[in-house]
Amino acid sequence: MGIDSKAIGKRISTLRKTKGLTQAQLAEVLNIADNSLAKIEIGARTPSLDLLVDMVIFFEVKLDYIVFGNEILNQIMN
């Protein structure tokens with residue numbers, strides 16, 4: 001099973017929008033360039049583990065949600 005960068009980016013985008021933030025605002029919180037966040041959200045770049053941990057803390061979600069999503073996690077556990 002590989003990492004699906006596009007799915008990760010979509011989940012991050014959804015979490016960002018749920019908090020009512022622009023890409024620029026979230027990028028500032030995460031201390032990254034907004035064009036880097038844009039690339040992550042479209043799946044052109046995979047976030048580093050350090051950045052993923054920062055997102056987990058900020059969004060108050062589990063790492064496995066951002067990386068694998070609930071659907072895949074449920075399949076693995078069954």
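Glu60 counts as exposed, at 70% relative accessibility, where exposed means over 50% relative accessible area, buried under 20% and partly exposed in between (1.4 Å probe, protein chains only). Glu60 lies in the loop between H4 and H5, and has a positive phi of about 55 degrees although it is not a glycine. Helices here are DSSP runs of H or I with at least four residues, numbered from the N terminus.

The model is predicted, so that local features need pLDDT of at least 70 and side-chain atom pairs count only at pLDDT 80 or more, while totals for chains, interfaces and linings use all residues. Residues are numbered from 1 along each chain as its sequence is written, and side-chain values use heavy atoms, with hydrogens and water left out.

A positive phi is also found at Asn31, about 60 degrees, although Asn31 is not a glycine. Asn31 lies in the loop between H2 and H3 and is exposed, with a relative accessible area of 71%.

**Accessibility of selected residues**

| Residue | Relative accessibility | Class |
|---|---|---|
| Arg16 | 8% | buried |
| Leu26 | 0% | buried |
| Glu41 | 10% | buried |
| Phe58 | 25% | partly exposed |
| Phe59 | 8% | buried |

**Salt bridge**

The structure holds 1 salt bridge, a term for a side-chain nitrogen of Lys or Arg within 4 Å of a carboxyl oxygen of Asp or Glu. The partners are Glu41 and Arg16, whose closest N and O atoms are 2.6 Å apart. This pair links distant parts of the chain, with Glu41 in helix H3 (residues 34-42) and Arg16 in helix H1 (residues 5-18), 25 residues apart. Glu41 counts as buried because its relative accessibility is 10%; Arg16, at 8%, is buried as well.

**Nonpolar core**

A nonpolar core is a set of buried Ala, Val, Leu, Ile, Met, Phe, Trp, Tyr and Cys residues joined through side-chain atoms within 4.5 Å. The largest one has 16 residues, and those with the most contacts inside it are Ile12, Leu26, Leu37, Met55 and Ile66. At least two residues of this core come from each of H1, helix H2 (23-30), H3, helix H4 (49-59) and helix H5 (63-77). H4 provides the largest share, 5 residues.

Contact means heavy atoms within 4.5 Å. Apart from neighbours within four places in sequence, Ile66 is in contact with Ile8, Arg11, Ile12, Leu15, Leu52, Met55, Val56 and Val61. Leu26, placed in helix H2, counts as buried at 0% relative accessibility. Not counting residues up to four places away in sequence, Leu26 touches Arg16, Leu21, Leu37, Phe58 and Phe59. The C-alpha atoms of Leu26 and Ser13 are 10.0 Å apart, and the two residues are 13 apart in sequence.

**Aromatic rings**

Rings of Phe, Tyr and Trp (its six-membered ring) pair if their centres lie within 6.5 Å; planes under 30 degrees apart count as stacked, over 60 as edge-to-face and the rest as tilted. A search of the whole structure finds 1 aromatic pair. Phe58 and Phe59 form this edge-to-face pair, 5.1 Å centre to centre with 75 degrees between the planes. Phe58 is partly exposed, whereas Phe59 is buried.

The charged end of Lys19 sits over the ring of Phe58, 5.1 Å from its centre. A charge sits over a ring if NZ of Lys or CZ of Arg is within 6 Å of the ring centre and within 35 degrees of the ring normal.
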